[in-house]
Amino acid sequence: MNSSSTATRPAITLTIAGSEATGGAGAQADLKTFQELNTYGIIALTCIVSFDPKDSWNHRFVPVDPQVISDQLEAVQACYAQSLDTVKLGMMGSPTTIDTVAAALGRQAWKNIVLDPVLICKGQEPGHALDTDEALKTNLLPLATFITPNHFEAEQLSGLTINDEQDLINAARKIHEISGAAVLAKGGVRIAGVDAVDVFYDGETLEVLRAKKIGNVAVSGAGCSLAAAITAELAKGATPLQAARTAKEFVTAGIHNRVSGATPFDALWQGGRR
Ligand code: PXL
């Protein structure tokens, strides 16, 4: 180990997530967010998603072999045994992957486990989402310290139907009750109104975070980047509410400065605040 000053040593942030080759979402979005927010980013890959330009940009999904997921986590945990206490969980994609990841998480103590409960990606079997939902609820929800469900995921996890802001508040409360975690439930473009509304609830504080909607189409990477920004801020010592506020600003700036390609959706630019 070198003997340089600890003052400049960055906080370490691990994401356990899938690759999305065009760079908009997944582990790529997480790593760019970590770098932008001055943490040292690490990835353990769970799956590889490749959009198919010949088939309406639907997702082709390939899981990483469970042993290989385990090996990556073994390497990371052994390398940073002294300093790794913050992890983000992104797309798992299957119950087997969830079991593998839960087992690795159980091998050490964590300060922050941020769960972005990604349930389904186009191109996966719908039945898959149900299995994944159950496995998430059983194996990952109880470990999480912070959960960032989008509209669909909040409905699945809470069992509630969400049409408006009050429904989103009820869902955030319910997800906190079943997990004990801080929750940021994201309304995104799916709740009517001029603002993109997210609800924060940690059992004590309820805060509705608002930003003017920028268009009415979801931007790729917004959810991943939001959870990654929360992860980075927590790793640097922010409270959950501070982390949520900073993450919302970070994502809003990234959507303002989004990147477009041939896909029908744009991608968030993590450098948007510069
Ligand atoms: O945004 C959800 C998401 C997460 N992770 C991966 C993805 C996607 C959506 O495309 O591909 C790897």
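Eight helices and nine strands make up the secondary structure of the protein chain in this predicted model. The radius of gyration of the protein chain is 17 Å, close to the 19 Å that the globule rule gives for 274 residues, so the chain is as compact as a globular protein of that length. Along its principal axes, the C-alpha trace spans about 55 × 40 × 40 Å. Of the 274 residues in the protein chain, 51% are buried. Among contacts between residues at least 6 apart in sequence, 65% join residues at least 24 apart.

The protein chain exposes about 12300 Å², of which 52% is supplied by carbon and sulfur atoms. With regard to charge, the protein chain carries 22 positive and 29 negative charges, and the mean positions of these two sets are 6 Å apart.

Zero disulfides are present in the structure. Cysteine 224 takes part in no disulfide, and the nearest cysteine sulfur, that of cysteine 47, is 10 Å away. Cysteine 224 has a relative accessibility of 14% and therefore counts as buried, the cut-off being under 20%. Cysteine 47 likewise counts as buried, at 0% relative accessibility.

Cysteine 224 also appears among the contacts of lysine 88, a residue of strand S4, which covers residues 86-89. Lysine 88 counts as buried because its relative accessibility is 1%. When neighbours within four places in sequence are left aside, lysine 88 is in contact with Leu14, Thr15 and Ile16, with Asp30, with Val114 and Asp116, and with Cys224, Ala227, Ala228 and Thr231. One of these partners, threonine 15, is 73 residues from lysine 88 along the chain, yet the C-alpha atoms of the two residues are separated by 4.6 Å.

A second buried position is found in a loop: leucine 37 lies between helix H1 (26-36) and strand S2 (39-52). The relative accessible area of leucine 37 is 2%, so this residue is buried. Not counting residues up to four places away in sequence, leucine 37 touches Ala229, Ala232, Glu233, Lys236, Phe250 and Arg273. Leucine 37 and isoleucine 255 are 218 residues apart along the chain, and their C-alpha atoms are separated by 16 Å.

Terms used: Residues numbered from 1 in each chain as written. Predicted model: local features only at pLDDT ≥ 70, side-chain atom pairs only at ≥ 80, totals over all residues. Heavy atoms only, no water. Helix = DSSP H or I, 4+ residues; strand = E, 2+ residues; numbered from the N terminus. Rg over C-alpha atoms; globule rule 2.2 N^0.38 Å. Buried < 20%, exposed > 50% of the residue type's maximum accessible area, 1.4 Å probe, protein only. Contact = heavy atoms within 4.5 Å. Areas by Shrake-Rupley, 256 points an atom, 1.4 Å probe, with all protein chains shown as cover. Lys, Arg positive; Asp, Glu negative; His and termini not counted. Charge placed at Lys NZ, Arg CZ, Asp CG, Glu CD. Disulfide = S-S within 2.5 Å.
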